[in-house]
Amino acid sequence: MKKAIGSVGLGLRREMLEEVLATPSNKVDFYEVAPENWMNLGGKFGTQFSRLTEQHNFVCHGLSLSLGATAELDIEFLKALKHFFTQHNIQCYSEHLSYCSGTGHMYDLMPIPFTEEAVKHTAKRIREVQERLERRIAVENVSYYAAPGQEMSELDFTLAVLEEADCDLLLDVNNIYVNSVNHGYDAEAFLAAMPSKRIAYGHVAGHYEEDHDLLIDTHGADVCDPVWSLLSKAYEIHGIFPTLLERDFNIPPMETLLKEVDQIHGLQEAYRTCQRGIA
């Protein structure tokens with residue numbers, strides 16, 4: 001198990017700052033933020049954030065690097081990221097295996113075409129990002145609702161990018177479940193094919209059920225039972241990896257969020273107990 005950041009994490013939103021500072025929970029080993037939302041903060045929020053990063057483990061999950069885009073990488077943004085990571089001792093940086101820019105920024109995560117050409121293009125950009133940041137990054141398997149120009153499966157595309165770029169993986173368990181329902185594939189088979197050695201950490205989150213065969217990845221609801229079951233299966237297959245709860249909308253009181261954090265702890269302890277029994 002990778003222990004650098006801890007076992008269980010929570011996505012930090014600005015509205016949580018006061019409570020986390022006043023009464024930090026020993027149930028949360030690390031926090032995750034989108035760097036774009038914090039890099040230019042000054043004043044009260046900037047001071048509070050600095051206090052938190054001095055006291056707790058932090059990782060960053062980016063929103064705007066646009067790894068699959070055809071436009072040039074934003075070098076000035078990468079320089080600012082590198083400074084931010086050093087300033088706040090950010091222990092891991094991840095981005096979405098998607099793109100969000102063309103002639104302008106779209107503020108949405110679009111699927112990269114599942115093609116051999118896109119594999120080489122995206123992997124080259126990831127390698128450049130790693131060189132400029134002087135650190136390995138993790139890419140997240142994303143939810144998607146259409147696959148224009150598809151020549152290979154999502155699974156084959158994801159594995160090919162990871163291998164070609166030689167980068168790490170942010171394993172989003174909810175996205176696997178959402179995509180398995182929307183695109184009709186076996187979630188456990190996809191999960192089992194992921195390379196254990198590349199998993200930096202994982203995500204669980206809630207989604208919205210538009211229809212029985214259409215799930216929308218919102219991060220705005222409680223984690224559902226099938227996703228909890230898939231996370232348990234992930235530990236069986238890959239061993240325990242650091243796992244973070246995401247909640248971006250309809251954010252409940254911290255007490256409610258910590259109950260879901262407890263569920264992650266519970267699944268990890270169940271795996272440990274099982275392993276001790278086998279030994």
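In the predicted model, Asp168 is buried, its relative accessible area amounting to 14%, a value that falls under the 20% limit for that class. Despite this burial, the side chain of Asp168 takes part in a salt bridge with Arg136, in which the closest N and O atoms are 3.0 Å apart. Because Asp168 belongs to strand 8 whereas Arg136 sits in the loop between helix 4 and strand 7, this pair ties together parts of the chain that are 32 residues apart in sequence.

Arg136 also forms a salt bridge with Asp166, and here the closest N and O atoms are 3.6 Å apart. Since Arg136 is placed in the loop between helix 4 (116–133) and strand 7 (138–140), and Asp166 in the loop between helix 5 (154–165) and strand 8 (168–172), this contact ties together parts that are 30 residues apart in sequence. Arg136 is partly exposed, with a relative accessible area of 39%, and Asp166 is likewise partly exposed, with a relative accessible area of 39%; Asp168, by contrast, is buried at 14%. The two contacts of Arg136 belong to a network of salt bridges that links Arg136, Glu163, Asp166, Asp168 and Arg198. The backbone of Asp166 deserves separate mention, for this residue has a positive phi of about 50 degrees although it is not a glycine, and its position is in the loop between helix 5 and strand 8.

In total, the structure holds 15 salt bridges. A further example is found between the side chains of Glu76 and Lys79, which meet at an N to O distance of 3.4 Å. The spacing of this pair follows from its setting, because Glu76 and Lys79 are three residues apart in helix 3 (residues 75–87) and are therefore separated by about one helical turn. Glu76 counts as exposed, with a relative accessibility of 54%, a value over the 50% limit for that class. Helix 3 also contains His83, and this residue counts as exposed as well, at 54% relative accessibility. His83 and Met39 are 44 residues apart along the chain, while their C-alpha atoms are separated by 9.4 Å.

Charged residues were also examined outside these pairs. On the surface, Glu116, Glu117, Glu151 and Asp156 gather in a patch of negative charge. Of these residues, Glu116 lies in helix 4 and is partly exposed, its relative accessible area being 48%. Membership of such a patch requires over 30% relative accessible area and no salt bridge, so the 48% computed for Glu116 satisfies the first of these conditions.

With regard to cysteines, the structure holds zero disulfides. Cys100 is in no disulfide, and the nearest cysteine sulfur, belonging to Cys60, is 16 Å away. Cys100 counts as buried, at 1% relative accessibility. Cys167, too, is in no disulfide; in its case the nearest cysteine sulfur is that of Cys92, at a distance of 11 Å. Because a disulfide requires two cysteine sulfur atoms within 2.5 Å, the separations of 16 Å for Cys100 and 11 Å for Cys167 leave both residues unpaired in this sense. Cys167 is buried, with a relative accessible area of 0%.

Two further loop positions were characterised. Ser66 is placed in the loop between strand 3 (57–61) and helix 3, and its phi is near 55 degrees, a positive value in a residue other than glycine. At 4% relative accessibility, Ser66 counts as buried, whereas Asp166, whose phi is also positive at about 50 degrees, counts as partly exposed at 39%. Ala205 is found in the loop between strand 9 (199–204) and strand 10 (208–211), where it is buried, with a relative accessible area of 1%. The C-alpha atoms of Ala205 and Asp172 are separated by 8.5 Å, although the two residues are 33 residues apart along the chain.

Technical notes
Residues numbered from 1 in each chain as written. Predicted model: local features only at pLDDT ≥ 70, side-chain atom pairs only at ≥ 80, totals over all residues. Heavy atoms only, no water. Salt bridge = Lys/Arg side-chain N within 4 Å of Asp/Glu carboxyl O. Helix = DSSP H or I, 4+ residues; strand = E, 2+ residues; numbered from the N terminus. Buried < 20%, exposed > 50% of the residue type's maximum accessible area, 1.4 Å probe, protein only. Patch = residues over 30% accessible without salt bridge, like charges linked within 9 Å, V, L, I, M, F, W, Y side chains within 5 Å. Areas by Shrake-Rupley, 256 points an atom, 1.4 Å probe, with all protein chains shown as cover. Lys, Arg positive; Asp, Glu negative; His and termini not counted. Charge placed at Lys NZ, Arg CZ, Asp CG, Glu CD.
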